[in-house]
Amino acid sequence: METLTNNFKSIEEFQVISDVFSQAITGELIGMSNFASLSGTIEDPFEKMEAIEHANGERQHAEGFMAYAKKTGLNININLNGSYWGRIRDVFLSYANKNDFIACLMIQEVMLEAFAVSMYTDVGRVLEDEAQKLFLSIAEEEKEHMDHSTEILRSELKKNPDDFIRKIEIIHYECMTILSEFSARTDLSGHCGVCHGDCMKNSLHHIGLDVVTMRGNALALYAEALDNIGIPGEKSVLWIANLPA
Amino acid sequence: MDSKSTSLDFAIIGHQESWQSITSFINGIRNASIEPLPVDKIKDVFGFMPPRDLFKITLKSKTGNEVNGVFIETFIDPDKLSARYLKTNISKVKKAISLASKLNAKLATLGGFTSIVLEGSRNEFKDISIKLTTGNTLTAGFILKGIEHACVQYDIRLEESNVLIIGATGDIGLACTHYLKQKVSTLLLNARNQRRLETLATSLRNEGVNVFCDTNLESLVPKADIIIAVASSKDILIGNTKNNVIICDAGYPKNLENRLLKKEDIILFHGGMGIINYGYTFSPNYKPFFYNYPVDNVAHGCVLEAVILAFEKKYENYSVGKGNITPEAISNIYQWALKHGVELAPFYNSKGLCKLFNTKV
């Protein structure tokens with residue numbers, strides 16, 4: 001409690017920040033595992049090394065969050081098999097097992113990173129000092145991953161636009177349905193297995209956030225990412241409108 | 001993909017006026033096997049979306065020519081059209097303009113509220129190749145031709161009428177003012193900004209125009225034979241009107257009917273609208289979601305301005321800035337519209353077609 005008193009304004013703030021860090025660490029570890037799996041789908045040795053480097057980057061992000069959590073006495077719960085993170089990992093692995101590099105790239109570097117970049121930015125803006133720097137700097141690094149993948153995906157789209165769009169549509173519904181259920185005002189598929197007690201979404205106001213804005217910003221960044229790849233707006237609006245809410 | 005590689009004749013940058021049409025659209029494009037979303041869940045996401053192209057539009061001219069365009073939705077929240085959200089909304093409009101440029105549209109019209117961007121400084125758009133227009137000239141044209149037609153049908157002499165313009169200092173209001181100033185008995189001008197209103201009135205008086213102006217509608221409405229409303233009607237209340245006053249509701253959204261304190265002995269129609277007679281198709285066909293007019297092939301004047309300019313191959317900044325619309329420009333674009341089979345829309349209001357008006361046309 002001494003640490004709590006020193007670093008947090010209230011027990012509610014402590015709890016919600018603990019849950020925010022728990023989600024971030026879990027997400028980074030999922031990202032690390034995904035990049036490690038992704039490396040197995042790549043033929044090009046340089047791209048392969050880059051995937052491992054990215055996996056290491058995600059590990060470092062997780063370590064950065066964990067170090068801050070330890071220093072401030074946050075109550076961290078890591079669960080890679082929770083109902084949402086576990087399903088996301090399963091979808092990713094289903095494509096990694098087929099050596100489908102493009103699908104893996106789409107899931108990890110567009111869908112998951114869009115949510116990570118947007119939500120880290122929102123969190124970074126309301127937290128203070130070291131926590132703020134941590135979230136904003138990691139958001140910036142994750143954004144680089146998005147930019148890198150956009151170039152690859154854009155050139156893939158040019159090869160065969162119709163097939164590419166059909167493929168991305170399938171992946172969208174597999175992965176974004178989970179993220180959409182996860183980020184809805186109430187968890188649409190039950191408790192995430194990461195937050196302590198009730199869902200932290202009801203407590204975000206204690207740190208000046210709200211789930212509607214965070215979800216809206218994340219979906220907006222995802223939509224922009226699809227635009228940047230070259231997915232026509234008339235397609236992406238259809239895909240997003242068909243997500244659970 | 002084709003849309004990004006092929007040049008488009010025009011882009012329409014727009015926004016929705018109500019959650020009703022947005023809900024209809026979102027649930028209309030959702031798969032039939034999943035539950036429709038309630039409006040509150042749609043509100044949770046809609047306003048966050050970046051501008052995007054929703055559907056392609058093809059129009060055919062009386063001359064046989066065809067033009068192709070695209071509708072870009074800005075995703076401006078219909079509850080956030082006030083000045084308080086100006087910065088966010090302007091940012092969305094700018095992104096929509098960039099998208100129109102990226103889609104290789106030769107010309108973009110800024111429909112409804114989005115035209116505010118072009119009524120200010122255009123310096124930030126000087127480096128983009130796309131031509132821009134507010135569409136306000138043809139909108140003003142349809143408003144004014146509507147008034148002239150209504151006068152003929154109701155045997156009202158425009159030159160003996162007192163015409164009230166609500167929103168007189170806005171771009172369309174100014175266009176109507178300058179077009180009508182030598183054609184009516186008295187101009188009654190209303191706007192929110194007193195200084196601008198008085199400056200306008202003084203300038204008109206110096207030209208010998210009979211003008212009254214007031215920021216308060218109450219003093220002007222009882223004198224008006226004809227009312228043109230081009231301002232947002234959210235804060236407007238109209239009472240104490242003359243019997244058989246003709247009201248042209250040309251604001252965004254067109255909901256003046258809800259702002260009338262007296263509803264009988266009033267002839268109200270939605271103005272600024274045109275009808276396309278030779279072909280108007282959407283792909284995908286989202287007309288059932290976006291389109292809620294009582295007759296087919298009706299569109300806003302601002303939309304049709306881009307279409308007419310494209311038919312004429314006049315890819316230029318036709319309506320830009322504020323107060324620059326001349327009666328000549330109105331007359332020109334209206335004549336071009338007629339040439340291509342685009343005419344004044346039949347008179348209608350929220351209850352449907354105004355039978356009396358249209359049987360006399």
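**Exercise 1. Work out whether A:Glu234 is buried or exposed, and find its salt-bridge partner.**

Solution. Start with the accessibility in this predicted model. A:Glu234 has a relative accessible area of 16%. The cut-off for buried is under 20%, so A:Glu234 counts as buried.

Next, look for a charge partner. The side chain of A:Glu234 meets that of B:Lys56 in a salt bridge, with N to O at 3.0 Å. B:Lys56 comes out as partly exposed, at 29% relative accessibility.

Finally, place both ends. A:Glu234 sits in helix H9 (residues 233-241) of chain A and B:Lys56 in strand S2 of chain B, so this pair joins two chains.

**Exercise 2. Track down which residue B:Arg52 pairs with, and say how accessible each end is.**

Solution. Go to B:Arg52 and check the carboxyl oxygens around it: A:Asp227 is the salt-bridge partner, with the closest N and O atoms 2.7 Å apart. This pair also crosses between chains, running from strand S2 of chain B to helix H8 (residues 211-229) of chain A.

Now the accessibility. B:Arg52 is buried, with a relative accessible area of just 1%. A:Asp227 is at 13%, so that end counts as buried too.

**Exercise 3. Describe the interface of chain B and chain A: its size, its polar links and the make-up of the chain B side.**

Solution. Begin with size. A common way to put a number on an interface is the accessible area lost when the parts come together. Here chain A and chain B bury about 2200 Å² between them, and 56% of that is on carbon and sulfur atoms. Each chain puts in residues: 27 from chain B and 27 from chain A.

Then count the links. There are 5 salt bridges between the two chains. One of the cross-chain pairs is B:Lys95 with A:Glu224, at 3.5 Å from N to O. For polar contacts, the rule finds 12 residue pairs across the interface, both residues at pLDDT 80 or more.

Last, see where the chain B side comes from. The elements giving two or more residues are helix H2 (19-29), helix H3 (39-46), strand S2 (52-60) and helix H4 (86-102) of chain B. S2(B) supplies the largest share, 5 residues. By residue type, the chain B side splits into 15 nonpolar, 2 polar and 10 charged.

**Exercise 4. Find what the salt bridge of A:Arg87 ties together.**

Solution. The partner of A:Arg87 is A:Glu181, with the closest N and O atoms 2.9 Å apart. A:Arg87 lies in helix H4 (residues 85-96) of chain A and A:Glu181 in helix H7 (residues 161-183) of chain A, so the bridge ties together parts 94 residues apart in sequence.

As for accessibility, A:Arg87 is at 30% and counts as partly exposed, while A:Glu181 is at 13% and counts as buried.

**Exercise 5. Explain what surrounds B:Asp249, a buried residue with no salt bridge.**

Solution. Locate B:Asp249 in strand S10 (residues 245-249) of chain B. Check the nearest side chain of opposite charge: B:Lys254, 5.7 Å away. A salt bridge needs the atoms within 4 Å, so B:Lys254 does not make one with B:Asp249.

Now look for polar atoms instead. The backbone nitrogen of B:Gly251 lies 3.3 Å from a polar atom of the B:Asp249 side chain. Leaving out residues up to four places away in sequence, B:Asp249 touches several others, including B:Ala229, B:Asn255, B:Phe269 and B:His270.

Definitions and conventions: Residues are numbered from 1 along each chain as its sequence is written. Chains are lettered from A and ligands numbered from 1 in the order in which they are written. This is a predicted model: local features need pLDDT of at least 70, side-chain atom pairs count only at pLDDT 80 or more; totals for chains, interfaces and linings use all residues. Side-chain values use heavy atoms; hydrogens and water are left out. Contact means heavy atoms within 4.5 Å. Buried area is the accessible area (1.4 Å probe) that two parts lose on being put together, summed over both. A polar contact is a pair of N or O atoms within 3.5 Å; within protein, one must be able to donate a hydrogen and the other to accept it, and residues adjacent in sequence count only if both atoms are side-chain atoms. Helices (H or I, at least four residues) and strands (E, at least two) are DSSP runs, numbered from the N terminus. Ala, Val, Leu, Ile, Met, Phe, Trp, Tyr, Cys and Pro count as nonpolar, Asp, Glu, Lys and Arg as charged, and the others, Gly among them, as polar. Buried means under 20% relative accessible area, exposed over 50%, partly exposed in between (1.4 Å probe, protein chains only). Lys and Arg count as positive and Asp and Glu as negative; His and the chain ends are not counted.
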